[in-house]
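Here's a friendly walk through a structure you may not have met before. Take a look at it first, and then we'll go through a few places worth zooming in on.

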Amino acid sequence: MSAPRVRFAPSPTGYLHIGGVRAALYGWLWAKQKGGEFILRIEDTDQARNTEESVGIIFESLRWLGMDWDEGPEVGGPNAPYFQSQRLELYREYADKLIASGHAYRCYAGKEELAAARAEHKLRTGQDHGFRFQSPWRERTDGDATQKHVVRFKAPSKGVIAWDDLVKGRIEVDNATQQDFVLMRPNGLPLYSFGCVVDDLTMGVTLVTRGDDHMINTAPQILMYRALGAEPPQFAHMPMVLGPDGKKLSKRHAAVSVLEYRDMGYLPDAVLNYLVRLGWSHGDQEIFTRAELVELFNWEHVGSGSGRYDQKKFLHVSAEHLRALPHDELAKWVVPFLAERGIEVTPDDATLLAALPYLTPRASTLIELADAADYFLRDAPVFEDKARRKFLIPENAETLRELTRRIEGASEFTLEALEASVKAWLEEADLKMKQIAQPARVAMSGRTRSPGLYEVMVVLGRERTLERLKAGAALAESGVDLSA
RNA sequence: GGCCCCAUCGUCUAGCGGUUAGGACAUCGGCCUCUCACGCCGGUAACGGGGGUUCAAGUCCCCCUGGGGUCACCA
């Protein structure tokens, strides 16, 4: 098999859905692995729903995910243009071909006529669904092509259409279930299914990957390919991602837009990992780098059942990727999230870099990471009210002062030296670590939860550690009741 | 309702005729411990039901049940 040409054809209707991306992702991985091409095409033939802004969102989403396209908008390619709205001439041409060859016909039945037929169907059957329009124009050729009309495909009613789906196996659909679907609207815009076929055909697409909610479109499309005298591409219909309740994943279940995940502090590689692993497996391996995904992906291990979105697992995958990332790189990712909380630092900030090793085991997202880094990077910690009231109290003032003296007296400012110094004091004074840890922690971080005491000290450095301990002691002594 | 797809722990899954049915997340114990995490050790937990085929079925076939999708001049 020659190198695959895979396309992703989202429609610009708002945001890029994580489920749609997943289907595209498998195609992207496949193209990468096989040295093929990944083609981006914008399906903007629904004037009522498309917005220009959405097109930008698609680009931004894919770029953030690192899913680069070999052909498509902005990068160009031999099959330009890549917006359906700019390929109208082509659809017209192919529709005419089908009419000329007797595979399609002009139908002058208006919407009113259709609605009437539909109403009649409901009256007769008592059902809304299952309506199939029998156009009176099917066998007529006496219509006036200058008059308003749609182009309908003359669907066969006998026979079976079948294909070997890369994930579902052999699928057969009885032609008796087909109807004369519309190819072209009166305004000259094609319908999705037709535009899709014309584009895939003219662009030389060899593999179509999509959610299995599109499976219903495949048989009609194969019919169109055949009518056009062409061989259909391969199809891969992936099971969709469902919400935790088993329904189609939607906004009420979870964030569904790619950019939301960016904003929530996920790493793109983590998103890729989670999405791919949800429905595909490689033995017991759970965590994959991007390169591994490209190398290992195969269709055989794409599961055929739909998967449910699991936020907890996603967070776990995110955490794993956070921890696996070299700290200098990780720093680049956190900086924008720090800026969001008013902390302006550069990725080479020494304090940030020093803190990261102690922070990553405690964070699952970049937002959590930024939060955990907060007090290291401010001039003074922002005290949690409860923490301050519980631990920075008069009876802890002396403890903090003595701790300050011991830290000042440490031979070096290293984890070992600091620990030795504090241990010696505890022994002398017959104190337990428990008794001093929380007051010290709150004094230095403003919080009751942080990395180890000595770790915090080392990251802060001698000056700032002493400064904070002294300030904490003073605060404790003043015994100010903040709740008053 | 018609058509299409699907079915192993709560969730994602491994399994491709012979397994004490494995892993991960979650969950529950315990260890570690200056807090919170991380880490480590251990536990609970699954083949939807019924028929076949076979010496042998989670694995193959059929039916049922259940779930999902889709039935547009949307994509």
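What follows is a short tour with three stops. Keep in mind that this is a predicted model.

## Around the RNA

Let's start with RNA strand B. It has 63 residues around it, and the closest are D46, K168, K247, P361 and S450. Sort the residues of this surface by type and you get 24 charged, 21 polar and 18 nonpolar. On the RNA side, sugar or phosphate accounts for 69% of the strand's atoms within 4 Å of the protein, and bases make up the rest.

A few contacts are easy to look up. The side chain of K168 has an N or O atom 2.4 Å from a sugar or linking oxygen of RNA strand B. P361 uses a backbone N or O atom instead, also lying 2.4 Å from a sugar or linking oxygen of the strand. At T448, a polar backbone atom is 3.1 Å from a sugar or linking oxygen of RNA strand B. Several elements give two or more residues to this surface, among them α4 (111–125), β6 (169–174), α10 (311–324) and α18 (453–460). Which element gives the most to the surface near RNA strand B? That's α17, with 5 residues.

## E71, tucked into a loop

Next, find E71 in the loop between α2 (52–65) and α3 (88–100). Is E71 buried or exposed? E71 counts as buried because its relative accessible area is 5%, under the 20% cut-off.

Its side chain has polar partners. One is the side chain of R5, with a polar contact of 2.9 Å, and another is the side chain of Y82, at 2.8 Å. Leaving aside neighbours within four places in sequence, E71 also touches other residues, including E37, F38, I39, L40 and P78.

## A helix with two faces

The last stop is α16, a helix of 15 residues covering 415–429. From first C-alpha to last, α16 reaches 21 Å, close to the 21 Å expected at 1.5 Å a residue.

The buried residues of α16 are A417, L418, S421, V422, W425 and L426. Why do they sit on the same side of α16? Because they cover an arc of only 170 degrees around the axis. These buried residues pack against α15 (394–408), α17 and α18. The face turned away from the buried side carries the exposed residues E416 and E427. Right after α16 comes D430, which has a positive phi, near 55 degrees.

Definitions and conventions: Residues are numbered from 1 along each chain as its sequence is written. Chains are lettered from A and ligands numbered from 1 in the order in which they are written. This is a predicted model: local features need pLDDT of at least 70, side-chain atom pairs count only at pLDDT 80 or more; totals for chains, interfaces and linings use all residues. Side-chain values use heavy atoms; hydrogens and water are left out. A residue is near a molecule or strand if one of its heavy atoms lies within 4 Å of it. A polar contact is a pair of N or O atoms within 3.5 Å; within protein, one must be able to donate a hydrogen and the other to accept it, and residues adjacent in sequence count only if both atoms are side-chain atoms. Helices (H or I, at least four residues) and strands (E, at least two) are DSSP runs, numbered from the N terminus. Ala, Val, Leu, Ile, Met, Phe, Trp, Tyr, Cys and Pro count as nonpolar, Asp, Glu, Lys and Arg as charged, and the others, Gly among them, as polar. Buried means under 20% relative accessible area, exposed over 50%, partly exposed in between (1.4 Å probe, protein chains only). Contact means heavy atoms within 4.5 Å. The expected span of a helix is 1.5 Å times one less than its number of residues. The arc is that of the directions from the helix axis to the C-beta atoms.
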